[in-house]
Each structure stands twice: as C-alpha cells, then as structure tokens.
Amino acid sequence: MSAGLAPAAEPPLLEVHALARHYRLPRESLFRPGPVLRALDGVSFTLQGGRSLGIVGESGSGKSTLARLVMALERPSAGSVRLLGQDLHRLPAAALRQARRDFQMVFQDPYGSLDPRQRVEAIVTEPLSALGAPPRETVREQAAGALEAVGLRRADLARYPHEFSGGQRQRIAIARALITRPRLIVADEPLSALDVSVQAQVLNLLQELQRQFGLSYLFISHDLAVVEHLCDEVAVMQAGRIVEQGEPARLFRAAAHPYTRALLEAAPSMDADTPRRRRAAPQNVVE
C-alpha cells in the first residue's frame, strides 16, 4: 500500500435501502378498494460485520415486518436488502437458498419454533438439509458442535423438545441458527418469552457467541435495557419508519425525537445498577 493512503473501508455486511412493505386491507365498500397499511415505509440502515443493531419500538411499529423482509421471507413493496453485496430479493430461488448459509433467524417463541415431532438432531441440522447436506456423520458432528457451543450436550441430539425447559429450547434454536456458521443472525424478540433470570443467561450466551464467531446481530426487542447491553447501535421505529438512530449511550440519555423520549419514559429503570442489565448469568445452571 502506498505511504499515506488509508486502507479502504470494509463494505457493510447488510445494507437496507428505502425498504417498504404495504398490505392491502379488506375493502369496506363494494365500490372502493381496500385501504393500504404501510407496515414499512422507507427504512434504510447499514450493519457492519461483527456488530449489532437493535431495533426498538412499540407493537405495530414494523419491527417484525422488517425482520421478515431482511430474511427474504416476504417480498418488499419497494426498496432493497443487500447481504454481502447481493440483493436478496432479486436472487433466483436456488441462489437464495445457498445465500441463506450466511444469514439465519432466531424466533421469539422457543416452544412454537421447534417441531415437537422431531428429535433435536433433525431440528438443528434442518438448515444444512436445505443446502444439500454433507454425509450424515459429518452433519452429526456439526450438530454436536453447535449444541456444545450453546451450552448443551452431545447426548441431547437424541431428545425431543418437550424434554427441555424454555431457556434450553431457545438454546436449541440458537444452535440451529449457528449450524451454517452464518455472518448475520436476525433475532426477533428472542428473550421476551423467557423468565428474567433465564433472559440474563441467554443474553450472555449471545454475547459470547458474537465474540467467538464474529457474528452480527439484527436484534429486535421491546426491552431497551437489553438492547443497550447488547447492541452497538439502536434504531427506533414508529409507524413503519426509523425516527431516530445512534449509539445507545447517547440516544438513551439524550434522545432528540419525542417518540424515543416517550419510549424511555414508559420503560423500566435503566439505571446503571439495574441487576437485570449488569448481573452476570450463573455459570453452573443452564436453563
């Protein structure tokens, strides 16, 4: 490299540009089209590799719609989602299936997101099956490694979801997301269905996995304290738009937008001594 020249900036892992999703609602009159719900209306942001972006807002603000569009589970009405430079919504089906190796999702409900009829091995290796899995023994070793990474045991591969607690089920869901060694994990309210003490353990796990594997998170939550603890940046959504974005330390202490201030006033205490934010999870118990 020539003297005096700075290294080129690394391109973003995820680029969301002017993303919109509109739904046509049932018509109220036989002679008029149904009204349009603008669930997302021009959302843009970028996310660098190894970093976390928190998305916060009240129910109905568009957070989960954004997650589905980033995961290419729905098509946008306008705009684009680029992962590693590829526009996911313009990829042919076969190419999109292969691209999913780099992005996976963890859902809110640790009970409903796991098939109760399947053993853990089948659940965790499901993303590999969609990619055209390697030999069975190789897949089994990968599944065992993913389970051990989230604090479970190789022997758990042979068990069924009903044999685990809610926190353990969410660990299985995280192991399923890890199995392809993705660059990005979209986590849609992954802690909200868990007890508070278990939330702390899973939050610590997510942080450790990020350090270990260099993961990026798009972390959707209504819990501002969790977002402040985990995320490098936060975007506040209202009525399908991002109304404010920035580092949590600044945004949560000197919010500029009235809606952000209203969210903060409605939230539980975010004082630095709040046990839920600062207490490390117990290391000898895995829930």
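Start with the whole chain on screen and look at its contacts (heavy atoms within 4.5 Å). Among contacts with a separation of 6 or more, 67% link residues 24 or more positions apart. What you see is a predicted model, where local features need pLDDT of at least 70, side-chain atom pairs count only at pLDDT 80 or more, and totals for chains, interfaces and linings use all residues. Residues are numbered from 1 along each chain as its sequence is written, and side-chain values use heavy atoms, with hydrogens and water left out.

Stay with the full view for a moment. The protein has 11 helices and 10 strands; these are DSSP runs numbered from the N terminus, helices being H or I with at least four residues and strands being E with at least two. Of its 287 residues, 47% are buried, where buried means under 20% relative accessible area, exposed over 50% and partly exposed in between (1.4 Å probe, protein chains only).

**Stop 1: an open sheet**

Select β1, β2, β4 and β5. These four strands form an open sheet in the order β2-β1-β4-β5, with antiparallel pairing. The edges are β2 (36–47) and β5, each pairing on one side only. Helix α1, residues 63–70, packs on this sheet and touches β1, β2 and β4 (78–83). The direction of α1 makes about 115° with that of β1; axes are lines fitted to C-alpha atoms, for helices over the stretch in contact, and angles run from 0 to 180 degrees between N-to-C directions.

Now show just β1 (residues 14–24) and β2: nine bridges join them in the antiparallel sense. Two strands count as paired if DSSP finds at least two bridges between them. Find Arg24, and opposite this residue you will meet Val36 in β2.

Next, click on Asp87 in strand β5 (residues 86–87). Is Asp87 buried or exposed? Asp87 counts as buried because its relative accessibility is 11%. Leaving out residues up to four places away in sequence, Asp87 touches Ser80, Val81 and Arg82.

**Stop 2: strand β3 and its partners**

Select residues 52–56, which make up strand β3. How many of its five residues are buried? Five of the five are. Ser52, Gly54 and Val56 lie on one side, with Leu53 and Ile55 on the other. In a regular strand, side chains alternate between the two faces of the sheet.

Add strand β8 (residues 216–220), which runs parallel to β3 and is joined to β3 by four bridges. Leu53 has Leu218 as its bridge partner there. Then add strand β9 (residues 233–238), also parallel to β3 and joined to β3 by four bridges. In β9, Ala235 is the bridge partner of Ile55.

**Stop 3: strands β6 and β7**

Move to strand β6 (residues 103–106). Phe103 and Met105 point one way, Gln104 and Val106 the other, and all are buried. Four parallel bridges pair β6 with strand β7 (residues 184–188). Look for Leu184 in β7, the bridge partner of Phe103.

**Stop 4: helix α7**

Finish by selecting residues 196–213, helix α7. The expected span of a helix is 1.5 Å times one less than its number of residues, so the 18 residues of α7 should span 26 Å, and its end C-alpha atoms are indeed 26 Å apart. Its buried residues include Val198, Ala200, Leu203 and Leu206. Just after α7, look at Gly214, which takes a positive phi of about 70°.
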